[in-house]
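Got the viewer open? Load the model, and let's walk through it stop by stop.

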Amino acid sequence: MRAHEHRGKVADYIPALAAVPDSKFGIAVVLHDGTVHTAGHAEEPFSIQSISKVFALTLALGAVGDQLWQRVGREPSGSAFNSIVQLETEHGIPRNPFINAGAIVVCDVLLGRLQPREAIGQMLRFVRMVAGDESIAIDEAVASAEQDTGFRNMALANYMRAFGNVHAPVELVLGTYFHFCALAMSCRQLAMAGRYLMDGGRSDGHSVISPRRARRINALMMSCGHYDNSGDFAYRTGLPGKSGVGGGILAVAPGIASIAVWSPGLNPSGNSHLGQIALERLVQRTGWSVFEPR
Ligand code: GLN
């Protein structure tokens with residue numbers, strides 16, 4: 001067996017994720033002109049998990065702008081997605097918004113102005129709007145299982161609260177965070193949702209965010225979107241991308257395509273093993289890396 005034929009290991013920390021067969025594979029590519037190409041299980045919703053951190057960041061920047069950066073950094077962590085180690089020396093300021101600690105702070109920022117129910121509603125409206133699909137929903141069974149098993153996330157949130165970097169009650173912040181993680185989307189819906197990052201902040205002819213903000217979010221996805229595996233993902237694909245433990249990856253070829261892949265088997269860093277290989281091969285064949293001279 002060649003190394004890449006191994007499918008990786010499906011997340012098993014909650015039953016709803018453990019039950020997903022590792023034989024699933026889907027891909028959807030939305031081109032700049034709106035053409036959509038799909039293959040495999042591209043219409044089947046899966047748990048987007050940490051990919052929601054991109055949408056949460058977009059909402060928090062919309063709410064407080066660059067003030068967000070007083071509470072979360074913009075550097076790759078080089079540590080696991082759920083690591084607590086850097087929080088001690090860095091005074092409760094997470095390295096970036098795409099690790100769990102960072103996304104928990106992002107949720108807390110949203111709760112500075114909204115009740116949890118409103119923040120969750122805002123998130124749902126946002127993803128439905130950018131995807132152009134009202135059927136997108138949150139899987140409540142996943143959200144409550146996350147809540148029942150999320151001891152590390154509770155530790156992260158409480159630790160940051162001790163440093164004064166989480167303000168709202170920890171249960172409310174985590175309830176919001178877990179609902180974001182529990183968004184269920186298909187590859188097609190996710191690739192559609194990523195259009196605003198592909199097209200300088202525009203989706204379907206509407207401005208969602210400014211071109212500068214879209215560029216910056218892409219930069220963070222490139223440098224921090226795959227945890228301690230971010231450098232390798234950038235090296236292999238040359239694309240901004242964000243993974244989740246449900247096995248999804250949203251990747252962006254600015255000006256060219258928004259791409260979603262899904263294969264639930266994960267590598268040791270918690271990123272889709274076959275998803276990364278699929279993106280690497282797609283880029284090799286198309287030259288869509290952002291580092292390709294044009
Ligand atoms: N729900 C997961 C967690 O909080 C999300 C992590 C991930 O997708 N990497 O642990």
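Select V54, L57, T58 and L61 in helix α2, then add R213, I217 and M221 in helix α11: these two sets meet each other. Meeting, touching or being in contact here is a matter of C-beta atoms, placed from the backbone, lying within 7 Å of each other. By class, this contact of α2 with α11 has 5 nonpolar, 1 polar and 1 charged residues. For the classes, Ala, Val, Leu, Ile, Met, Phe, Trp, Tyr, Cys and Pro count as nonpolar, Asp, Glu, Lys and Arg as charged, and the others, Gly among them, as polar.

Before moving on, keep in mind that this is a predicted model, in which local features need pLDDT of at least 70 and side-chain atom pairs count only at pLDDT 80 or more, while totals for chains, interfaces and linings use all residues. Residue numbers start from 1 along each chain as its sequence is written. Helices (H or I, at least four residues) and strands (E, at least two) are DSSP runs, numbered from the N terminus.

Now show the whole of α2 (residues 52–64) and α11 (residues 211–224): their axes come within 11 Å and cross at roughly 140°. Axes are lines fitted to C-alpha atoms, for helices over the stretch in contact, and angles run from 0 to 180 degrees between N-to-C directions. That makes α2 and α11 oblique to each other. On the angle scale, under 35 degrees counts as roughly parallel, over 145 as roughly antiparallel, 65 to 115 as roughly perpendicular and the rest as oblique. The crossing of α2 past α11 is right-handed; in a right-handed crossing the near helix is turned clockwise from the far one by less than a right angle, in a left-handed one anticlockwise.

**Next stop: α5 against α8**

Select residues 116–131 for α5 and 170–181 for α8; their axes come within 9 Å and cross at roughly 20°. How do α5 and α8 lie relative to each other? They are roughly parallel, and α5 passes α8 in a right-handed crossing. On the α5 side, pick P116, A119, I120 and M123; they meet L172, G175, T176, H179 and F180 in α8. The residues of this contact divide into 6 nonpolar, 3 polar and no charged.

While you're in α5, click on V127, which sits in this helix. V127 counts as buried, with 25 C-beta neighbours inside 10 Å; the cut-offs are 20 or more other C-beta atoms within 10 Å for buried, 12 or fewer for exposed, and partly exposed in between, with C-beta atoms placed from the backbone. Not counting residues up to four places away in sequence, V127 touches F55, I136, L183 and A193. Try a distance label to M192 too: V127 and M192 are 65 residues apart in sequence and 9.5 Å apart in space, C-alpha to C-alpha.

**α8 from another side: α6**

Keep α8 on screen and add α6 (residues 140–149), which packs against α8 at an angle of about 135°, with the axes 8 Å apart. α6 and α8 are oblique to each other, and their crossing is right-handed. Here A143, E146 and Q147 in α6 meet G175, F178, H179 and C181 in α8. By class, that contact has 3 nonpolar, 3 polar and 1 charged residues.

**The ligand**

Center on the ligand and bring up the residues surrounding it: Q49, S50, F81, N82, N100, E146, N153, C181, G244, V245 and G270. A residue is in this shell if its C-beta atom, placed from the backbone, lies within 6 Å of the ligand. The shell divides into 3 nonpolar, 7 polar and 1 charged.

**Two unusual backbones**

Most residues other than glycine have a negative phi. Go to H91, though, and phi is positive, about 55°, although H91 is not a glycine. H91 lies in the loop between α3 (85–89) and α4 (100–110), and with 10 C-beta neighbours inside 10 Å it counts as exposed.

Then jump to Y227, in the loop between α11 and α12 (230–237). Phi of Y227 is also positive, near 55°. Is Y227 buried or exposed? Y227 counts as buried, with 24 C-beta neighbours inside 10 Å.

**Last stop: S230**

Select S230, found in helix α12. S230 counts as buried, with 25 C-beta neighbours inside 10 Å. Leaving out residues up to four places away in sequence, S230 touches P76, S223, C224 and G225.
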